[in-house]
Amino acid sequence: MKNKHLLLLATTITILFTACTKKNTQGKLVPNNAAMVLHVNGQSILSKLSWDEIKQNKIFEAIYSDSAVNTTFKKLLDDPAKAGIDINGDLLVYLVKDSTGGYVVMQGSVKDAAALASFNKELTGGGTASQTDGISFISKAPVCAGWSSEKFVYLADVPQMKEMDDLTKRLMRDSINIAPAAMPRDILAACKNIFQLKESNSLATDEKFSRLMEQKGDVHVWINSEYLNNSADALAALSMVRLDKLYKGNITTFTASFDEGKIVLNGHSYAGDELTKLFKKYSGGKVNEEMLKRMPGKNILALIGLNFKPEGLHEFLKLLNIDGFITLGLNSLGMNTDDFIKANKGDVVFGISDFTLKPDTSSNYLYQQNGLAEPNHLKPAANYVFTVSIKDKDAFNKLINAGKKLGGQYLGTDAPATAYNSNGNYFVLGNTKENTDQYLAGTNSSNDIVSKISGAPFTGYVNLQMLLKTISAQPQKDSLDKAMMEVNSNFWDNLIWKGGDFEDGGITQKAEIQLLDKNTNSLKQLNQYINKMGEMVSLKRKKQREAMMAFEDAAILPIMPQQKIADAPATAH
């Protein structure tokens, strides 16, 4: 009876544990050591931009009309359904790095297995066919295709990744000695391994990946920095200062949604256990709204705010094992990390305003010296301020003195003009005294911008429309350059992002790329934008080729008469 009770308890715990473990269906054929994963929600994407609209894009048409593209691949471009592929299903592309280099996999849903089999046979052109456990394979290095009645997989070997790692080893070792060449990859075995992948070794049981797949969106991205930087030599080189703590367990995920008039990105950043503890312990602040509102200037181009807890600096430096190096450097400037922590409240704001173009007198001077006409050349100019909140005046004075000392050592007479001021609450550094004084006076207020970006530890805003409109005022000699600037100016509006909160074991982030047209789906707008820009880039390249040919002809023509004389047969005297 006792054993029955224990068995019932064990069964209940197992069921509860299994039920509570987050799973997903998309990651079943993705190994858990994948460095990067791109997931495209075909149904969602095609509901916003049809395949016919994609086919009308000039870049698509250029690829389709390229004689180098074989007719089999053109069948796929013309209509993926004819190739047996269901483009309304999930499409995943992922990268795996290993000792052989790496490989890239594309997987998706099968619509017609017979059509796909015919397509794969044509595509590989003489590949070796086989079948295992009801799954068909055709392999021809460096590509292998595998498919069942439900899923297809295309695997491409990428040995070049090892070559890049070998180059890194050379640079780190300052030597030409590298590891011996690895054996070529058995692509058929690698493709079979994907279909035989155990769920426990896949991303199907990874809670972070499951959380990503749960987020509503058109595209999902997974980046595992630890596996992306898995070179053993790199780890050894970083072991002294323990910079590996920054990317061990470091995973970045984000979802992209193409909404009306904007592209929305929702991200999550995870770290290793030790770094996560620091994030959790020292997170939770909000950017100082009053500091944001004080930003001077009539037109704000960019505004960035940050809130952090200075108390976490000690633990962070110790974690990376660089506290000793930092202490030595700060001591040489007459301060230490305690002074920095004591001086700061943890509020930082940086802003740029009144962006414009002014005559570049330096280039004009060079032209005058050489007796040439002055070019109508302009250079960017703007006002800026960098400000921090003060916790302890005496400690902050140490920082100011250290900054003066450091500036005297590394900034020469050509350094840009700066001005700084302080009222005991804020320290402000700017390009003019007028800007620093205006900031401290608090007479300006950017409420409309602040309301959009406040409420998070890290916030930012960039007025892309203002930037592009101002740059487009620069006189363009080439009509195509001018047209390209107009296309950009009529497309982009602004960028807003905020983040830094600790949720679900990681740091959250959100960004919105606002487009000028607020009423049209952003994916349709992107397709039209790429179409226009692609057409202009093509015309520009054609124009450049014609100019180069004309230059070559002009350079060759004066030589031709001499060449004819040299080639003429000698006459007898």
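This is a short talk on the largest pocket, one group of strands and the aromatic contacts of a single model.

Hi everyone, thanks for making time. Before anything else, please keep in mind that this is a predicted model.

Let me begin with empty space. Rolling a probe the size of a water molecule over the atoms shows where such space is left. Here the largest pocket holds about 1200 Å³. Its lining is made up of 41 residues, and the closest to the centre are Trp 51, Leu 76, Leu 77, Leu 91 and Met 106. What is the character of that lining, nonpolar, polar or charged? The split is 31 nonpolar residues, seven polar and three charged.

Hold on to Met 106, please, since that residue takes us to the strands. Met 106 stands opposite Tyr 154, which belongs to strand S8. The two strands involved are S4, residues 101-110, and S8, and they pair in the antiparallel sense over seven bridges. S8 itself covers residues 151-157, and five of its seven residues are buried, so we can call this strand mostly covered.

S8 has another partner as well. Strand S7, residues 143-147, pairs with S8 over five bridges, again in the antiparallel sense. A hairpin of three residues joins S7 to S8. If you want a spot to click on, try Trp 147, whose bridge partner in S8 is Phe 152.

Now for the rings. A pair of aromatic rings is described by the distance of the centres and the angle of the planes. Across the whole structure, the search finds eleven aromatic pairs. Take Trp 492 and Tyr 529: why is this pair edge-to-face? Their planes stand at 75 degrees, and the cut-off for that class is over 60. The ring centres are 5.6 Å apart. This pair also links distant parts of the chain, with Trp 492 in strand S18 (residues 492-503) and Tyr 529 in helix H23 (residues 522-556), 37 residues apart. Is Tyr 529 buried or exposed? Tyr 529 counts as buried, because its relative accessibility is 15% and the limit is 20%.

Elsewhere, Phe 396, Tyr 420 and Phe 427 come together as one aromatic cluster.

Two lysines round things off. Lys 192 has its charged end over the ring of Phe 137, 5.9 Å from the ring centre. Lys 208 does likewise with Tyr 270, its charged end sitting over the ring at 5.2 Å from the centre.

That's my tour, and I'm happy to take questions.

How values were computed:
Residues are numbered from 1 along each chain as its sequence is written. This is a predicted model: local features need pLDDT of at least 70, side-chain atom pairs count only at pLDDT 80 or more; totals for chains, interfaces and linings use all residues. Side-chain values use heavy atoms; hydrogens and water are left out. On a 1 Å grid over the protein atoms alone, a cavity is a set of points where a 1.4 Å probe fits but cannot get out, and a pocket is an open set with protein on both sides within 12 Å along at least five of seven lines; lining residues have an atom within 4 Å of a point. Grid points are joined across faces, edges and corners, and a volume is the space filled by probe spheres set on the points. Ala, Val, Leu, Ile, Met, Phe, Trp, Tyr, Cys and Pro count as nonpolar, Asp, Glu, Lys and Arg as charged, and the others, Gly among them, as polar. Rings of Phe, Tyr and Trp (its six-membered ring) pair if their centres lie within 6.5 Å; planes under 30 degrees apart count as stacked, over 60 as edge-to-face and the rest as tilted. Helices (H or I, at least four residues) and strands (E, at least two) are DSSP runs, numbered from the N terminus. Buried means under 20% relative accessible area, exposed over 50%, partly exposed in between (1.4 Å probe, protein chains only). A charge sits over a ring if NZ of Lys or CZ of Arg is within 6 Å of the ring centre and within 35 degrees of the ring normal. Two strands pair if DSSP finds at least two bridges between them.
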